[in-house]
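Hello,

Here is the structure I promised to pass on to you. Have a look at it first, and then read on for what turned up in it.

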2 protein chains.
Amino acid sequence: MAASYIGEFEQMVLLAVLQQGEEAYAIDVRKELESSAQRPVSRGALYRTLDRLEAKGYVTWQLEDGSPIPERGGHPMRKFRVTGAGVEALRASRSALLKLWRGLDAVLDES
Amino acid sequence: MAASYIGEFEQMVLLAVLQQGEEAYAIDVRKELESSAQRPVSRGALYRTLDRLEAKGYVTWQLEDGSPIPERGGHPMRKFRVTGAGVEALRASRSALLKLWRGLDAVLDES
DNA sequence: CCTCGATAGTATACAATGTATTCTTCGAAA
DNA sequence: TTTCGAAGAATACATTGTATACTATCGAGG
């Protein structure tokens, strides 16, 4: 059964995919994460998480609709896309955080 | 060694403690969470998380500075307080989320 | 007194998530 | 054809999330 819970890293990965536009390559997602979250992200961690998000129905992917362009490596690249359910999950956790942050700006704003 | 990682639930618990003012009772934290995050929180889950936050140095607590007031139960109540490190951790994850949300309002705002 | 129920917290156990390291492949450069 | 780099998969284990069951103490009834 799909848990309704969404972890912190899963959340960030989903957001990073959205940031890339309609579709995103794992590598770009990784760059986005490292830049926004200021922490290293190993490829393994990222792919594991993407797989779990797929299992929950929060992302889908398809192979680069390749033409005869030679893929840049042994495996063809995958293009990820966030599903409606994924967006829904993001809305829910954002809503909760916004409520919890309310009134704490003085404490939480980085000066 | 203290992991620098802070989970989603830990984050919400910290915020809920702050919402109660200087000091918070576990029971009130629980109510705050259930109301803001729209999900049930068992006592076990909450105390477990508070203990872990304490181990990381993100919260401290002390017993109700009791006078002869009879505690309302078998155990005296604990008053929790978020430490400076805890606030710092919250700032970091908030900062990351704000960056990742940037530009996605159209998608994420609940209409 | 002694039992019962409610309350605050603890202990235990297990599921889900987070993360790094180690393979596999396959094209391209040497 | 050998080596190297890239994209991804597999494996393994640490950390978090969460529920259920257990303790201990106070007050009310009897």
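Let me start with a pair of helices from the two chains: H4(A) and H1(B) cross in a left-handed sense. Please keep in mind throughout that this is a predicted model.

How do these two helices lie against each other? H4(A) packs on helix H1 of chain B, residues 8–19, at an angle of about 30 degrees, and their axes are 9 Å apart. An angle under 35 degrees counts as roughly parallel, so H4(A) is roughly parallel to H1(B). On the H4(A) side the contact is made by A:Ser93, A:Ala96, A:Leu97, A:Lys99, A:Leu100 and A:Trp101, and on the H1(B) side by B:Glu8, B:Gln11, B:Met12, B:Leu15, B:Ala16 and B:Gln19. Sorted by class, the residues in this contact of H4(A) with H1(B) are seven nonpolar, three polar and two charged.

Now swap the chains and look at H1(A) with H4(B). Helix H1 of chain A (residues 8–19) and helix H4 of chain B (residues 84–101) pack with their axes 9 Å apart, at an angle of about 30 degrees. H1(A) and H4(B) are therefore roughly parallel to each other, and their crossing is left-handed. From H1(A) come A:Glu8, A:Gln11, A:Met12, A:Leu15, A:Ala16 and A:Gln19, which meet B:Ser93, B:Ala96, B:Leu97, B:Lys99, B:Leu100 and B:Trp101 of H4(B). Here the residues divide into seven nonpolar, three polar and two charged.

The two H4 helices also meet. The axes of H4(A), residues 84–101, and H4(B) come within 13 Å and cross at roughly 130 degrees, so H4(A) and H4(B) are oblique to each other. H4(A) passes H4(B) in a left-handed crossing. A:Arg94, A:Leu97, A:Leu98 and A:Trp101 face B:Arg94, B:Leu97, B:Leu98 and B:Trp101 in this contact. Six of its residues are nonpolar, two are charged and none is polar.

Next, the interface as a whole. How many residues does each chain bring to the contact? Chain A gives 36 residues and chain B gives 35 residues. About 3300 Å² is buried between chain A and chain B, and carbon and sulfur atoms give 62% of that area. In chain A, the residues that lose the most area to chain B are A:Arg94, A:Leu100 and A:Trp101, which together make up 23% of what that side buries. You will recognise A:Arg94 and A:Trp101 from the meeting of H4(A) with H4(B), and A:Leu100 from the contact of H4(A) with H1(B).

Finally, the charged pairs. Side chains of opposite charge can pair when their charged atoms come close. Over all chains, the structure has 17 salt bridges, and two salt bridges are found across the interface of chain A and chain B. A:Asp109 pairs with B:Arg94 in a salt bridge, with the closest N and O atoms 2.3 Å apart. Within chain A, A:Glu10 forms a salt bridge with A:Lys56, and here the closest N and O atoms are 2.9 Å apart. Because A:Glu10 lies in helix H1 and A:Lys56 in helix H3 (residues 43–56) of chain A, this pair ties together parts that are 46 residues apart in sequence.

Enjoy exploring it!

Best wishes

Terms used:
Residues numbered from 1 in each chain as written. Chains lettered and ligands numbered in written order. Predicted model: local features only at pLDDT ≥ 70, side-chain atom pairs only at ≥ 80, totals over all residues. Heavy atoms only, no water. Axes fitted to C-alpha atoms, helices over the stretch in contact; angles between N-to-C directions. Helix = DSSP H or I, 4+ residues; strand = E, 2+ residues; numbered from the N terminus. Parallel < 35°, antiparallel > 145°, perpendicular 65-115°, else oblique. Left-handed = near helix turned anticlockwise from the far one by under 90°. Contact = heavy atoms within 4.5 Å. Nonpolar A, V, L, I, M, F, W, Y, C, P; charged D, E, K, R; others polar. Buried area = accessible area lost by both parts, 1.4 Å probe. Salt bridge = Lys/Arg side-chain N within 4 Å of Asp/Glu carboxyl O.
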